[in-house]
Amino acid sequence: MIAVPAPAVLPGQVSLHPAYPNFFFYHQGGPFFMAGPGDPEGFLYRGTQNPDGTRAGDQEQLIAKLAPTGANSIYLMAVRSHGGDGDATENPFVDNDPALGLDDAVLDQWEVWFDQMDAAGVTIFFFLYDDGASIWNSGDSVGAAESAFIHGLVDRFEHYRHLIWVVAEEYQERYTPARVSAIAAVIKAADDHHHPVAVHKLSGLDFAEFADDPALDQYAIQYNVATAQNIHDGLELAWDDAQRRYNLNMAEAAAWGTGATSRQKAWAAAMAGAYVMVYEMEIA
C-alpha cells in the first residue's frame with residue numbers, strides 16, 4: 001500500500017512563520033497581525049437552546065457586525081460547562097452528556113458560523129476549555145474519551161484557514177503543565193494542516209513551563225495592569241523571555257477601557273511585539 005502524505009498548510013492559512021516563530025503570517029502570503037475583540041467568550045452558546053442542541057441566538061448578526069470593521073479575530077470556547085463560566089448546557093455533546101459524544105447538529109451550526117468568519121478573514125481563537133472547565137480527570141495524561149473529543153473537533157474544523165487552537169483559559173485552575181502539553185500534542189498530531197496552538201494563563205508574564213514545548217506556539221497572556229505604559233513594559237519583558245521560541249498575544253487585561261485609552265493600550269501591546277484581543281469587547 002502506498003502511503004498518502006498528509007495535506008500541508010493551506011494557502012492563505014494563518015500559520016507560524018517558519019523562520020520567525022515569534023510571528024504569524026499568511027501561508028504563501030504576507031504578514032498577519034491579529035487584533036480583535038476578546039469576547040463574547042460564550043459566543044457559541046448565545047440564545048435559547050433548541051431541542052436538537054443548536055442555538056437560536058444572534059451569532060450571525062454579531063459576525064455581520066464584526067466582519068467589515070477590520071477586526072480579524074474572535075475569542076470563543078467549546079466547553080464552558082463542568083466548572084467553567086457557563087451552565088450545564090454549554091458544551092457540544094449529545095444531550096450535553098460527554099459520554100454520548102459530540103453532537104453533529106451542534107457542530108453543523110458551528111460550521112455555518114465558522115464559514116462566515118473564515119470568509120471574512122476573522123480568525124477563530126478556539127478554546128477547548130473555559131477557565132475551570134474539566135470533564136475527564138486523567139491526571140497528566142489524555143485518556144481515550146478526551147482524545148476522541150479533541151480529534152472530533154480538529155477533524156471537523158481543521159479545514160479553516162483562519163483558526164488557532166487554544167488548550168484552555170486560565171489553565172492552572174484545573175490542569176497541570178504536563179496535561180496542557182499532552183493536550184497540545186494531541187491537537188498537533190490530529191491537525192493535518194498544522195494550525196497554531198496556544199494556551200492561556202492566570203495573570204502574569206512567565207511562560208517558562210512551556211517555553212520549549214514544540215506543541216505550543218503562542219502564549220495567550222492575561223496581564224491585569226492599569227496603564228498603557230504598564231502593558232508595554234510588561235510585554236517587553238515577555239518578548240525578551242520568549243527569545244523567538246513562541247509568539248505573544250495580549251489576550252486579556254482587566255479594566256481595558258474604551259476610546260483613546262483602549263487605542264493606546266492596543267498600540268502599547270503591539271509595539272512590544274504582542275497581538276491584541278480586547279477583553280470585554282463584546283461586539284454587540
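Just over the halfway mark: 52% of the 284 residues in this chain count as buried. Keep in mind that this is a predicted model. Six helices and 13 strands make up its secondary structure.

**Overall shape and surface**

- The radius of gyration is 18 Å, and a compact globule of 284 residues would come out near 19 Å, so the chain agrees with that expectation.
- Along the principal axes, the C-alpha atoms fill a box of roughly 50 × 45 × 35 Å.
- If you take the contacts with a separation of 6 or more, 71% of them join residues 24 or more positions apart.
- The accessible surface is about 11600 Å², and carbon and sulfur atoms hold 55% of it.
- On the charge side, there are 14 positive and 39 negative charges, and their mean positions sit 5 Å apart.

**Nonpolar cores**

- The largest nonpolar core has 71 residues, and W110, F114, M117, F126, Y129, V167 and M250 have the most contacts inside it.
- Apart from that one lies another core, this time of 15 residues, with M34, F125, F127 and A251 among them.
- Leaving out residues up to four places away in sequence, Y129 touches a mixed set: M77, V79, W136, E146, F149, V167, A168, E169, Y175 and I183.

**A look at F157**

- You'll find F157 in helix α3, which covers residues 144-157.
- Its relative accessible area is 0%, so F157 counts as buried.
- Beyond its neighbours within four places in sequence, F157 is in contact with L107, W110, E111, F114, F126, L163 and W165.
- W110, F114 and F126 in that contact list are also among the residues with the most contacts inside the largest core.
- W239 is 82 residues from F157 along the chain, and their C-alpha atoms are separated by 31 Å.

**Backbone spots to check**

- The peptide bond from D39 to P40 is cis, with omega near 0°.
- P40 itself sits in the loop between β4 (35-37) and β5 (48-49).
- Q243 isn't a glycine, yet its phi is positive, near 50°.
- Q243 belongs to the loop between α5 (228-242) and β12 (247-252), and it is exposed because its relative accessible area is 57%, above the 50% cut-off.
- E280 is another non-glycine residue with a positive phi, near 65°.
- E280 lies in the segment after β13 (274-278), and at 53% relative accessibility it counts as exposed too.

Methods:
Residues are numbered from 1 along each chain as its sequence is written. This is a predicted model: local features need pLDDT of at least 70, side-chain atom pairs count only at pLDDT 80 or more; totals for chains, interfaces and linings use all residues. Side-chain values use heavy atoms; hydrogens and water are left out. Helices (H or I, at least four residues) and strands (E, at least two) are DSSP runs, numbered from the N terminus. The radius of gyration is taken over C-alpha atoms; the globule rule is 2.2 Å times the number of residues to the power 0.38. Buried means under 20% relative accessible area, exposed over 50%, partly exposed in between (1.4 Å probe, protein chains only). Contact means heavy atoms within 4.5 Å. Accessible areas come from the Shrake-Rupley method with a 1.4 Å probe; for residues, only the protein chains shown count as cover. Lys and Arg count as positive and Asp and Glu as negative; His and the chain ends are not counted. The place of a charge is taken as NZ of Lys, CZ of Arg, CG of Asp or CD of Glu. A nonpolar core is a set of buried Ala, Val, Leu, Ile, Met, Phe, Trp, Tyr and Cys residues joined through side-chain atoms within 4.5 Å.
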